[in-house]
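Good morning, and thank you for coming. I would like to take you through a few parts of one structure, beginning with its cysteines. Please look at the display as I speak.

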Amino acid sequence: MTTLDTATTGWNAWQESWDRQQEWYMPDREDRFRIMLDMVEALTGTAPRVLDLACGTGTITARLLARFPEATSTGVDLDPALLTIARGTFEGDGRVTFVEADLKDPHWPERLPHDSYDAVLTATALHWLHKGPLAELYGRLAGLVREGGVLMNADHMIDETTPRINAAERAQRHARMDEARRAGAVDWADWWKRAAEDPALAAPTARRFEIYGEHADGDMPSREWHARTLREAGFAEARPVWCSPSDTLLLALK
């Protein structure tokens, strides 16, 4: 097993390896980001103030700034290892701020540098929360998004009314993942093993597993639940703007 050496390859190598690991699970990952930024432009323009929620390594922020150089981003996460990569990647970029915070803490918005945002963007993260805390989070986010602003959540959203379709899609997806794994793709567990071996990430990775364990036990409610809960939280409109067989990008307009 090869360990990435940040002293020679830099933080961008960790960004690249995170992308490849995530794409093993979601081959259409870039599609959701493209549509997400299309809708940011359509509804908020090309210089938005963005809250990158559960930002991880800063994946959304990187794509945001590449497309909209005049945008600014506040990344929020609790994972010390992924935040280490994010901070290393964007060090010296005055457009980007990172905040370490627990989204289940009702006071986390007090740590933000701004009172309101044009867009709140998040992907493949909020399924770590159960419905109750997620509904509460949506309520807090409604208070952070300006009038006319947007919240977009791209995540696993399961329609429990179609069990046979779900089973067939899952079987096909996992067969393709197994094929890619045999060809050398790195999965979640292997990626974290490599992170733990890197001198720059060993300590924050250890702290990360103290916080989360192997994986959080959240929920994957349907897109209908998300849309309804967002409207109840104070958003005027909410609906999917992109879907795959297993995932949805849901947009809520304030």
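What we have here is a predicted model. I begin with disulfides: the count in this model is zero. In general terms, a disulfide is a covalent bond between the sulfur atoms of two cysteines. Two cysteines may be placed by their accessibility. Cys55 is buried, because its relative accessibility of 5% falls under 20%. Cys243, at 37% relative accessibility, is partly exposed, because that value lies between 20% and 50%.

I turn next to Ser246. Where does Ser246 lie? Its place is the loop between strand 6, residues 237–243, and strand 7, residues 247–253. Is Ser246 buried or exposed? With a relative accessibility of 16%, Ser246 counts as buried, because the limit is under 20%. The side chain of Ser246 forms a polar contact of 3.0 Å with the side chain of Asp247. If residues up to four places away in sequence are set aside, Ser246 touches His156, Met157, Ile158, Glu169 and Arg173.

Asp247 leads us to a further residue, Arg32. Arg32 belongs to helix 3, which covers residues 29–44. The side chains of Arg32 and Asp247 make a polar contact at 2.7 Å. Asp247 therefore has side-chain polar contacts with both Ser246 and Arg32, as each pair has N or O atoms within 3.5 Å. How accessible is Arg32? Its relative accessibility is 1%, so Arg32 counts as buried. Apart from neighbours within four places in sequence, Arg32 is in contact with Met26, Thr124, Ala154, Trp242, Asp247 and Leu249.

My last topic is a pocket. The second largest pocket holds about 300 Å³ of space. Its lining is made up of 17 residues, and those closest to its centre are Tyr25, Pro27, Glu169, Arg173 and Arg176. Glu169 and Arg173 have appeared already, as residues that Ser246 touches. Which elements give two or more residues to this lining? They are helix 2, residues 11–25, and helix 7, residues 163–182. Helix 7 gives the most, with six residues. As to character, the lining divides into seven nonpolar, three polar and seven charged residues.

To close, I return to one link in the display: Ser246, in its loop between strand 6 and strand 7, touches Glu169 and Arg173, which are among the residues closest to the centre of the second largest pocket. Thank you for your attention.

Definitions and conventions:
Residues are numbered from 1 along each chain as its sequence is written. This is a predicted model: local features need pLDDT of at least 70, side-chain atom pairs count only at pLDDT 80 or more; totals for chains, interfaces and linings use all residues. Side-chain values use heavy atoms; hydrogens and water are left out. A disulfide is a pair of cysteine sulfur atoms within 2.5 Å. Buried means under 20% relative accessible area, exposed over 50%, partly exposed in between (1.4 Å probe, protein chains only). Helices (H or I, at least four residues) and strands (E, at least two) are DSSP runs, numbered from the N terminus. A polar contact is a pair of N or O atoms within 3.5 Å; within protein, one must be able to donate a hydrogen and the other to accept it, and residues adjacent in sequence count only if both atoms are side-chain atoms. Contact means heavy atoms within 4.5 Å. On a 1 Å grid over the protein atoms alone, a cavity is a set of points where a 1.4 Å probe fits but cannot get out, and a pocket is an open set with protein on both sides within 12 Å along at least five of seven lines; lining residues have an atom within 4 Å of a point. Grid points are joined across faces, edges and corners, and a volume is the space filled by probe spheres set on the points. Ala, Val, Leu, Ile, Met, Phe, Trp, Tyr, Cys and Pro count as nonpolar, Asp, Glu, Lys and Arg as charged, and the others, Gly among them, as polar.
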